Structures are given as structure tokens and as C-alpha cells.
2 protein chains.
Amino acid sequence: MSNRTRTRNPNELVERARQGDRGALARLISFVEEGGDLARQVGRLTFPLAGNAYTVGITGPTGSGKSTLTERLISAVRASGEEVGVLAVDPSSPFSGGAFLGDRVRMQSHATDEGVFIRSMATRGHLGGLSLATPEAIRVLDAAGVPWVLVETVGVGQVEIEIASSADTTVVVVPPGSGDAMQASKAGLLEAADVFVVNKADRPGAAETRRDLEFMLHLSASDAEWTPPIVMTVASNGDGIDDLWKAINDHRAFLSEHGLLEKRRAQRLAEELRHVVTQRVEQRAYERCQGPDFDRLLHEVVERRLDPYSAAGRLLES
Amino acid sequence: MSNRTRTRNPNELVERARQGDRGALARLISFVEEGGDLARQVGRLTFPLAGNAYTVGITGPTGSGKSTLTERLISAVRASGEEVGVLAVDPSSPFSGGAFLGDRVRMQSHATDEGVFIRSMATRGHLGGLSLATPEAIRVLDAAGVPWVLVETVGVGQVEIEIASSADTTVVVVPPGSGDAMQASKAGLLEAADVFVVNKADRPGAAETRRDLEFMLHLSASDAEWTPPIVMTVASNGDGIDDLWKAINDHRAFLSEHGLLEKRRAQRLAEELRHVVTQRVEQRAYERCQGPDFDRLLHEVVERRLDPYSAAGRLLES
């Protein structure tokens, strides 16, 4: 490996990433994952350069075929002539650094395409976890000039849904089968979806799942002008991918026309700022609850010379 | 109502509670529930006076017959000649102030007994919720000279288990029936239990549930010298209550003999102190994320003149 790619200087790496150096891009995302001072520097450098990429979140239960669908979407973006970055986010895994997780290997069909950058992200050092690291990683791609960023989350836990639903367009993938639509509803996916996909639509139960989704959407119908379309796909052979790509672009156009894109992005930044503040004070609380000052005050509490609230007050004053 | 009982002066109320004034006791617990300055004053006054009461937590899934069992335990404590305080804790309910929740009405069989003080607690103003308010309420009873405090929690959510397992002796009640023991295990009750009760032991499946518990205890057996006994009871007719009362006293004796009571109480105070510190910094974070300073910095973030981390830094410096 040459010195050129081994630099750890964030300024230099951001400059190189903007010139198309994929190694620099990968390193910057690693810094973000690891958190700490380098991540902060990367954030300060990329934030003013970002704000142009359009993000698509893809989430849904295991077995819905999200990965294959994401692979097809990559092809759709590329067919439109644009570059695409893909973040495969797995909060349950400590592994990261490449597209090597399970069926993500299949994404390697795009591995030789210079217009595609695929990266798995996992929980590493970042104190705020992946819900704070992911928007930062998106900004790295964004700052490097990548116009489309797909964010695929592995599970449907709270963190995964939070990450996927903070995209500009959130695609919720549901497999066919009785009860699956209801499960998606329970997990809070109904509220998160801008576009629904019933994938594996050639399997039994697909029409019923579509009907269930329609029914639930009808129940939860609000005054909002956008009603999530339900797209039927068979990711394994590419059926319906054009419809999905159109639905995503329709939603994008809708947001732009109604001035909602900037509004939603501003709301997300407000949430992110609150999240960062909370994470930092929690870190501070954690630090205050370690070391000799804490031990001394705890001793006084155990000896009943000081109540826990007064002890907490003294810890936070110091 | 006389002026005597209507005072809101914590000093006066603590003094009266120590002289056996049940109205004063009830008012002090209400202050604790509501949180705020009065709660802090009550905490400062009662903390140095507390540390003598022995606490028994009683938890288990709905339908296990916890309330009837608690009622029987009250009788057992009274038969031993000692006074008893009972806190029925329901984090899911906004109601409090008396034993009027559902089958808690049955506890009214002790209502005319001056040696029994029963009180329901619910989530009210206290910022730390019931997991912080409950130890404070226990200290009110403790400071008033009540030697036994039973803490019954209504559900088996995380907060309920946390509350019940912070007692000196934690009793986990399981109803008979296939899978119930396994469910208790999943909810984390297995680790929390010092004593197991299979209640409604006259019903089918009780012996199997006992066997399941024995098997799971065997699987999780550690080097700890205390193995939770499994007591079979029929709370509705009083069968097995003597065994349960003996098991509780055996556990108490075990803790005392091995010097574990003071050790566990010190650990709990350390956890409480950490919890109070965390709650206070979270409150601070919440306050920082409101108002003109936050709005001004957020505006700079949305305009991309400032990244979220730098904005958070400024908010926390100010």
C-alpha cells in the first residue's frame, strides 16, 4: 500500500475523496464509524460540502429480499447515468469495512463498476452508535459528490427503522404471507414508509399482503397529500424494479414541488442536533460516575451522611 | 380536614410520620411521586433516618396472583408481630394515592389494621419515573420506623423488574402452565429471583412449572451459595404461605450471615446515584434543546454554516 492511501489526515482524505479516490472515501467512513476526534474533524470538513445527495432508506423484515432489491436499485440508478453510494447498516454486527456480510456478497456484481461505492457499516467506537454514525457517513459520500445514497438496514429493530426513516425517501419491503403486513405495522414500519414494496410477488399470498397493506394505509390515512404507493416486485428476476425506481422518483418530485424536502431535512438536522447533545451529556454523566470523586461521594451516601440527590448535585457542580 | 394534617412542611410531616401519623406518611409519599423541590427536601430529611427497613419485592406476570399473595404476606408479617408498609407500583398507570386499583381492593381486608400501611404508586411528576421514586418512598416508610416494606409491581416490564429486584429479597411469582416458566426466564425474572413461587399450585401444570424452573435454575447455576428455593402456594386459601414467609426469612438470614445485605445495599445506592446523575444531565440536555439559543444554532446548522457536533459543543458550553 502506498503512502498516498495511508494518510490519516482528514483534510487530505476529503480532498482525495472529492477527486474520486475510493480508498480515501472508505477511510473517511472508517473514521466516522470509530468516532472520536478524527470523526469530529471529518464531520466539520464534510458538513458544509454536503446537502446535495438524495438518500433512499430500504428496510423490512429478514427474508423480504432487501439485499437483492438494493442490488437491482443500484442498477436502476446506474442506468439513469448517475453514481451511487450504498451503506449496508447492521447495528447487530461488529463487522464492517466491505460488502462481505451474508448475501451482501451478491452486491459484488457491481464491484468493478467505478460508479458504485458499497460499504457495510457496523457498531464500532462511535458513542452515538449507528444512528449518529450513519448520517455522518452519508455526508462523507455527499461531500464527495455522490448524488444518490442508498441506506439498507439489516433488521427491523428500533435503531434500524430510525436510520432508514431518516432518508429522503423510505422504502419498506414486505414479503408475501399472512400476517407479514401486520407485523410490519406493529414494528412501526407503516408510519415510516414513503413507498411500499411487496417483494417476491410471484409467491403465494402476495395479492393478500397488498390488500392488507392497502387496508392498513386506508385506516391510517391522514390529510397528507402523499399516499405511499405499493409496488409489486420480484427482485430475483428484476420484475417491477422500473416501477419502484419510478415511485422513488415520484416521491422525490413530490417533496421538491411541495417544498417538503428542505423542511424534512431541517427537521432531521434538529433531531440529529438533539441526539448529539443528549449523547454528549450522557457521556459526561458516565464520566462523572467514575473515579475518586464519585467513590468519595458514594462512600458518604452509603454511610448515610449524604442523600443521593445532594451527592448528584455535588458531582455535577464539580 | 384539620390544619394539622394539611401542612405541606416536610420537616413537620416527617416528624408526624415518625409518631405514627398515617396522613403525614401518605402526604410525604405524594410529594415523592410528584418530584421537584418538596421531594428533594423529603429525601434529604428521610435519608439519614432510613436503612433499617427490610424490603421484599414481589413481581411476576399478570394472572400469577401476586396481589392475593401480597395480601397473605401482609398477614404473615403481622402474625410475626411487626408493622408492614406496602407499595403497589404500577408504572403504566397515572392513578395513585390508595389501594383502589383492581383487585388491590381486596387488600382492604387490612384497612382497619393500624399496623399496615398500603399505598399505590403511579407515574406522576417525578422525572426519574417510578424507578427513582420507589426507593425514595421506601425511605419515607423506613424513616417512619416501618420494619418491613413489601413492594409489589403490577407488570413484568423492564422498569417493574428493575424496581422489584432492587429489594433485599425478590420474590418472583409464576402461574402454573406450560411455557410460563420459560416466559419468566425470557423477561429476565430468573436472574432477579431470590425466591420463586409457583402460585395457584392446585391447578394443572403446577408440578411441570416447578420442574421447568428447577431445570432452568440448574442451567444457570453459578458458584453463588444461595439457590433460590421454589415454594408452592395457593394464595386464595393460604396454602404454602408459611413456607414462603420462611423462605423470605431464610434469605434474609443468609444475607446477614454472609455480610451480603450491606454489600447489596451499597451496590443499590451506587446504582441509584448513577441513575440520579444521568436523569439530571438528561434533564439538562432537554432544557438545552429548547429556547432561542437552540433555535439560533439550529438555524446555523440548517444553513450549513455549523455542523451538529460543533453546535452541540456551543450549546453545552453556554
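Me: Which strand does β2 of chain B pair with in the parallel sense, and over how many bridges?
Reply: Strand β2 (residues 84-90) of chain B pairs with β3(B), over seven bridges. Two strands pair if DSSP finds at least two bridges between them. Strands are DSSP runs of E, at least two residues, and helices are runs of H or I, at least four, numbered from the N terminus.

Me: What stands opposite B:Leu87?
Reply: B:Arg119, in β3(B).

Me: How is this model numbered and lettered?
Reply: Residues count from 1 along each chain as its sequence is written, and chains are lettered from A and ligands numbered from 1 in the order written. The model is predicted: local features need pLDDT of at least 70, side-chain atom pairs count only at pLDDT 80 or more, and totals for chains, interfaces and linings use all residues.

Me: Back to chain B. What is the strand order in the open sheet?
Reply: β3-β2-β4-β1-β5-β6-β7, seven strands with parallel pairing. β3 (116-122) and β7 (230-232) of chain B are at the edges with a single partner strand each, so one side of each has no neighbour in the sheet.

Me: New topic. How does chain A lie on chain B?
Reply: A turn of 179° and a shift of 0.0 Å along the axis lay chain A on chain B with an RMSD of 0.1 Å. The superposition is by least squares on C-alpha atoms of residues with pLDDT of at least 70 in both copies. The two copies are thus related as by a two-fold rotation axis.

Me: Which C-alpha of chain A is nearest the axis?
Reply: That of A:Val281, 2.9 Å from the axis.
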